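Hi everyone, thanks for making time this morning. I'd like to walk you through a structure that is new to most of you, so do stop me along the way.

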Amino acid sequence: MVSLGKSKKDFLCKFMKYYWDDIIGHKKSITQLENDILNKNLAHAYLFAGPAEVGKYAIAKKFANILICPNDYCRSCDDCQQFQDNLHRDVVTVNKLWIDKINDNLEQIARSSNFNQIHRAKKKTKTDIISIDDIRSFSQKLYEKKQSKYKICLIKNIERLQPVGANALLKILEEPPQGTVFILTSSYPEKVLKTILSRVRKIAFSNVADQVILQQLQKQTDAENLSEIISIAQGRPPIAVKLLKDYSLFEKEKTRFHQIANILSKPELKTDFQFIEKLIEQPQDIENFLNALLRFLRTLLLEKSKNSQSGLSQKITYSNLVTMQEKTNNTKIMLKQNINKRLLLENLILDLKSLA
Ligand SMILES: [Zn+2]
């Protein structure tokens, strides 16, 4: 691939046609999307692939909004308004799914996924795996007569598809209703069926450089904890923005980093299992903990590559750190499959301690 010189890159960034100023980083991916629109070279299906929480879905939504607006992404017409409210009839969004939990907030789910999920309520579905019933339900909307130039189908974390569902989606991808654009995102593209991968145009995402996040946030704030925020966010702009807005969350994340360091550096298990016990009581915290764990491991990997090793990064080998990341990622996926959470987390901690 031809690599663009810096001046050419700057040129591309400065003269974007659409408004992307609220997105931090990812200039290369954004430029590629703009070029596809401007050169009338849209794919039937896209896969935005890259690490979790770097902003893929936010960009997918913006891309969809640009396509659905008849006035070059004006952000004020009826189409833009309906899109923003997740009520546009030509747009299907598959994000949060109804899971049989007492704290399921149906309104919140409807704001993030706009297809009929009554089958989930009836079956008291307990996972967020995208089932064949889900596909049957949302695909109906794709075959209705469209009012806009495009029908858009946005699916977050496409790796949630099971093989049966994947085959059903594949059939639609093979012969999509005319004018349909699928925008799929995944943090685990290696877990997506190859037959699906072969039908999508892949847009690669990666972590955003600390310097880029810092420059952007400095325009908004002179907060003293900015460098700590950047360090915790680990190249994930949406996390940095969240931490900046919510000081108590920032404090919580800082404490979590200390807890993780303790778990990995101290031999006794009793306190670790007590920690897991507490974590299980707050199920929404489990994913946050695992994400923080991944960020922590990534910090250690970065330290290793910079030769500025100390403490844990010096102690743990590079290949063990990679294995630890894989095990954490696998646990994240398995947790969504309704397996005993305590057992999974205890096993993960035991595995990580044996590698640390
Ligand atoms: Zn508009």
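**A walk through the model**

Let's begin in a loop: Q234 sits between helix 11 (226-233) and helix 12 (237-245). Please keep in mind throughout that this is a predicted model. Q234 is not a glycine, and yet its phi is positive, at about 50°. Is Q234 buried or exposed? Q234 is buried, because 24 other C-beta atoms lie within 10 Å, and the cut-off for calling a residue buried is 20 or more.

There is another residue of this kind to set beside it. R75 is also not a glycine, and it has a positive phi of about 65°. You will find R75 in the loop that links helix 3 to helix 4 (78-84). R75 has 14 other C-beta atoms within 10 Å, so it counts as partly exposed. So we have Q234, which is buried, and R75, which is partly exposed.

Now let's step back to the overall layout. The chain is split into domain 1, covering 6-204, and domain 2, covering 264-355. How far apart are the centres of domain 1 and domain 2? Taken over C-alpha atoms, the separation is 31 Å. Where the domains touch, domain 1 supplies six residues and domain 2 supplies four. On the domain 1 side of that contact, three residues are charged, two are nonpolar and one is polar.

Next, the strands, and please find strand 3, residues 151-155. Its five residues are five out of five buried. Look at the two faces in turn: K151, C153 and I155 lie on one side, I152 and L154 on the other, and every one of them is buried.

Which strands pair with strand 3? Strand 2, residues 91-94, runs parallel to strand 3 and is joined to it by four bridges. Within that pairing, T93 has L154 as its bridge partner. Strand 4, residues 180-186, is also parallel to strand 3, with five bridges between them. Here I152 stands opposite V181, and K151 stands opposite T180.

Strand 4 has a further parallel partner: strand 1, residues 45-49, is joined to strand 4 by five bridges. In that pairing, A45 is matched with F182. Strand 4 is largely enclosed by the rest of the structure, because seven of its seven residues are buried. T180, F182, L184 and S186 point one way, while V181, I183 and T185 point the other way.

How does the chain get from strand 3 to strand 4? Strand 3, helix 8 (residues 163-174) and strand 4 together form a right-handed β-α-β unit. If you have the model open, trace that path for yourself.

That brings me to the packing. In soluble globular proteins, nonpolar side chains tend to be buried together. In this model, the largest nonpolar core has 56 residues, and those touching the most other members are Y46, F48, A64, I152, L154, I183 and L184. Helix 3, residues 56-68, contributes the most to this core, with eight residues. A separate core has 14 residues, including A292, F296, I316 and L345.

Let's zoom in on L154, which we met as the bridge partner of T93. If we set aside neighbours within four places in sequence, L154 is in contact with A60, K61, A64, V91, V92, T93, V94 and I183.

Finally, look at I155, which is also in strand 3. I155 has 26 other C-beta atoms within 10 Å, and therefore it is buried. Which residues does I155 contact, leaving aside neighbours within four places in sequence? The contacts are V94 and L184. One more distance to check on your screens: I155 and I130 are 25 residues apart in sequence, and their C-alpha atoms are 9.7 Å apart in space.

To recap, strand 3 pairs in parallel with strand 2 and with strand 4, and I152 and L154 are among the residues that touch the most other members of the largest nonpolar core. Thanks for listening, and I'm happy to take questions.

Methods. Residues are numbered from 1 along each chain as its sequence is written. This is a predicted model: local features need pLDDT of at least 70, side-chain atom pairs count only at pLDDT 80 or more; totals for chains, interfaces and linings use all residues. Domain bounds come from an automatic or database domain assignment. Two residues are in contact if their C-beta atoms, placed from the backbone, lie within 7 Å. Ala, Val, Leu, Ile, Met, Phe, Trp, Tyr, Cys and Pro count as nonpolar, Asp, Glu, Lys and Arg as charged, and the others, Gly among them, as polar. A residue is buried if 20 or more other C-beta atoms lie within 10 Å of its own, exposed if 12 or fewer, and partly exposed in between; C-beta atoms are placed from the backbone. Two strands pair if DSSP finds at least two bridges between them. A crossover is right-handed if, with the strands pointing away from the viewer, the path from the first strand over the helix to the second runs clockwise. A nonpolar core is a set of buried Ala, Val, Leu, Ile, Met, Phe, Trp, Tyr and Cys residues joined through C-beta atoms within 7 Å.
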